[in-house]
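Trainee: Please take one part of this model and go through it closely. I would like to hear about the salt bridges and what surrounds them.

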Amino acid sequence: MKAWFNSCSRLVQVILLLIPVVNWIVEILVRGDEFLHTKGLIDLVMLILAVLSVGILGWVDLVWSLLFKHLIFAK
């Protein structure tokens, strides 16, 4: 999921992160995929924050993906 999201154009990334419920689902899927591949502590913390923030972290990731074309700590 992470590779798919990072390969999308910025317009698609922005649209996915602008829609509130879709933003939360995409955030959880990308963070979960990142954690399953790396098993890192930071990835686990970000996954938990994504679940608990109910989309608020997605707004931060929207700005981050506009600047760097990937989510925070999910390169």
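Mentor: Start with Arg31 and Asp61, whose side chains meet in a salt bridge with an N to O distance of 2.8 Å. Arg31 belongs to helix 3 and Asp61 to helix 5 (residues 56–68), so this pair ties together parts of the chain that are 30 residues apart in sequence. Keep in mind that the model is predicted.

Next, how exposed are the two partners? Arg31 has a relative accessibility of 1% and therefore counts as buried, the limit for that label being under 20%. Asp61 is buried too, because its relative accessible area is 0%.

Arg31 has a second partner. It forms a salt bridge with Glu27, where the closest N and O atoms are 3.0 Å apart. This pair stays inside one element: Arg31 and Glu27 are four residues apart in helix 3, so about one helical turn separates them. Glu27 is buried, as is Arg31. Taken together, Glu27, Arg31 and Asp61 are linked in a network of salt bridges.

A search of the whole structure finds three salt bridges. One of them joins the side chains of Glu34 and Lys2, at 2.9 Å from N to O. This pair also links distant parts of the chain, with Glu34 in helix 3 and Lys2 in helix 1 (residues 2–7), 32 residues apart. Both Glu34 and Lys2 are buried.

Val30 is also in helix 3. With a relative accessible area of 1%, Val30 is buried. Setting aside residues up to four places away in sequence, Val30 touches Met1, Lys2, Phe5, Leu71 and Ala74. Lys2 is thus a contact of Val30 as well as the salt-bridge partner of Glu34. By contrast, Arg10 is 20 residues from Val30 along the chain, and their C-alpha atoms are separated by 16 Å.

Glu27 brings in another neighbour, helix 2. Among the contacts between these two helices, Leu16, Leu17 and Leu18 in helix 2 meet residues of helix 3 that include Glu27. The others on the helix 3 side are Pro20, Val22, Asn23 and Val26. Two packed helices are described by the angle between their axes and the distance between the axes. Here helix 2 (residues 10–18) and helix 3 (residues 20–38) have axes that come within 5 Å and cross at roughly 110°. Helix 2 and helix 3 are therefore roughly perpendicular to each other, since angles of 65 to 115 degrees are given that description.

Now return to helix 5, the element that holds Asp61. Trp64 is in helix 5 as well. At 30% relative accessibility, Trp64 counts as partly exposed, whereas Asp61 is buried at 0%. Apart from its neighbours within four places in sequence, Trp64 is in contact with Lys69, His70, Leu71 and Ile72. Leu71 is also among the residues that Val30 touches. Trp64 and Val22 are 42 residues apart in sequence, and their C-alpha atoms are 17 Å apart in space.

Lys69, one of the contacts of Trp64, lies in the segment after helix 5. Its relative accessible area is 29%, so Lys69 is partly exposed. The backbone at Lys69 deserves a look: its phi is near 65°, a positive value in a residue other than glycine. Most residues other than glycine have a negative phi, and most peptide bonds are trans.

A positive phi is also found at Val54, about 50°, although Val54 is not a glycine. Val54 sits in the loop between helix 4 and helix 5. Val54 is exposed, because its relative accessible area is 57% and the label applies over 50%.

Finally, helix 4 (residues 41–53) contains Leu44, which is partly exposed at a relative accessible area of 31%. Leu44 is part of a nonpolar patch on the surface, together with Leu41, Val45, Ile48, Leu49, Val51 and Leu52. Together these residues have about 620 Å² of accessible area.

To return to your request: the network runs through Glu27, Arg31 and Asp61, and Glu34 pairs with Lys2.

Notes:
Residues numbered from 1 in each chain as written. Predicted model: local features only at pLDDT ≥ 70, side-chain atom pairs only at ≥ 80, totals over all residues. Heavy atoms only, no water. Patch = residues over 30% accessible without salt bridge, like charges linked within 9 Å, V, L, I, M, F, W, Y side chains within 5 Å. Areas by Shrake-Rupley, 256 points an atom, 1.4 Å probe, with all protein chains shown as cover. Salt bridge = Lys/Arg side-chain N within 4 Å of Asp/Glu carboxyl O. Buried < 20%, exposed > 50% of the residue type's maximum accessible area, 1.4 Å probe, protein only. Axes fitted to C-alpha atoms, helices over the stretch in contact; angles between N-to-C directions. Parallel < 35°, antiparallel > 145°, perpendicular 65-115°, else oblique. Contact = heavy atoms within 4.5 Å.
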